[in-house]
Amino acid sequence: MTRIVLFRNTRPLAGPQAAAELPADQTTAAVLLAALLNHRHAKAWTGEYGAVIDPEDGTQPVIITEDDPRVMIARGLLLNLAEHGHYSDDELTRVRAAVLRLEETP
């Protein structure tokens with residue numbers, strides 16, 4: 001099974017989990033990383049954050065970093081929903097859909 005692992009300074013974190021209906025892909029990883037970065041405690045946790053998509057087929061893992069444009073877009077969209085950094089599965093799903101729409105726009 002493909003999985004998304006959030007990390008800080010190369011250490012895996014127990015972070016927000018994707019809704020069961022969300023695929024474990026780069027867009028979902030970007031949204032989960034944005035949710036983690038928006039969390040009210042993240043400001044106190046210094047370091048470099050990212051997400052790794054570990055594919056089930058044995059191909060190379062993909063790393064998403066804080067400076068990925070999808071993360072920056074998702075952070076802005078999530079901040080409009082709640083400033084505390086706690087998001088429902090529905091909110092994460094809606095933000096993921098919005099990021100996908102923006103990716104498709106030329």
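This passage describes the nonpolar core and the salt bridges of a predicted model.

In soluble globular proteins, nonpolar side chains tend to be buried together. In the present model, the largest nonpolar core holds 24 residues, and among these L33, I64, V71, L78 and L92 touch the most other members. Two or more residues of this core are supplied by each of strand 1 (3-8), helix 1 (26-38), strand 3 (49-54), helix 2 (69-81) and helix 3 (89-104). Helix 1 provides the largest share, which amounts to nine residues. The surroundings of L78 give a closer view of the packing: when residues up to four places away in sequence are not counted, L78 touches V31, A34, A35, N38, Y87, L92 and V95.

Attention now turns to charged side chains. Side chains of opposite charge can pair when their charged atoms come close, and the structure holds five salt bridges. One of them joins R96 to D25, with the closest N and O atoms 2.4 Å apart. Because R96 belongs to helix 3 whereas D25 sits in the loop between strand 2 (11-12) and helix 1, this pair ties together parts of the chain that are 71 residues apart in sequence. The two partners can also be described by their accessibility: R96 has a relative accessible area of 10% and is therefore buried, while D25, at 23% relative accessibility, counts as partly exposed.

A further salt bridge is formed between R70 and E103, whose closest N and O atoms are 3.7 Å apart. Here too the pair links distant parts of the chain, since R70 is found in helix 2 and E103 in helix 3, with their positions 33 residues apart in sequence. R70 counts as buried, because its relative accessibility of 17% falls under the 20% cut-off, whereas E103 has a relative accessible area of 39% and is partly exposed.

The salt bridge between D90 and R94, in which the closest N and O atoms are 3.2 Å apart, is placed within a single element. Both residues lie in helix 3, four residues apart, a spacing of about one turn of the helix. D90, at 47% relative accessibility, counts as partly exposed, and R94 is likewise partly exposed, with a relative accessible area of 44%. Finally, salt bridges that share partners join D68, R70 and E103 into one network.

Notes. Residues numbered from 1 in each chain as written. Predicted model: local features only at pLDDT ≥ 70, side-chain atom pairs only at ≥ 80, totals over all residues. Heavy atoms only, no water. Core = buried A, V, L, I, M, F, W, Y, C linked by side-chain atoms within 4.5 Å. Buried < 20%, exposed > 50% of the residue type's maximum accessible area, 1.4 Å probe, protein only. Contact = heavy atoms within 4.5 Å. Salt bridge = Lys/Arg side-chain N within 4 Å of Asp/Glu carboxyl O.
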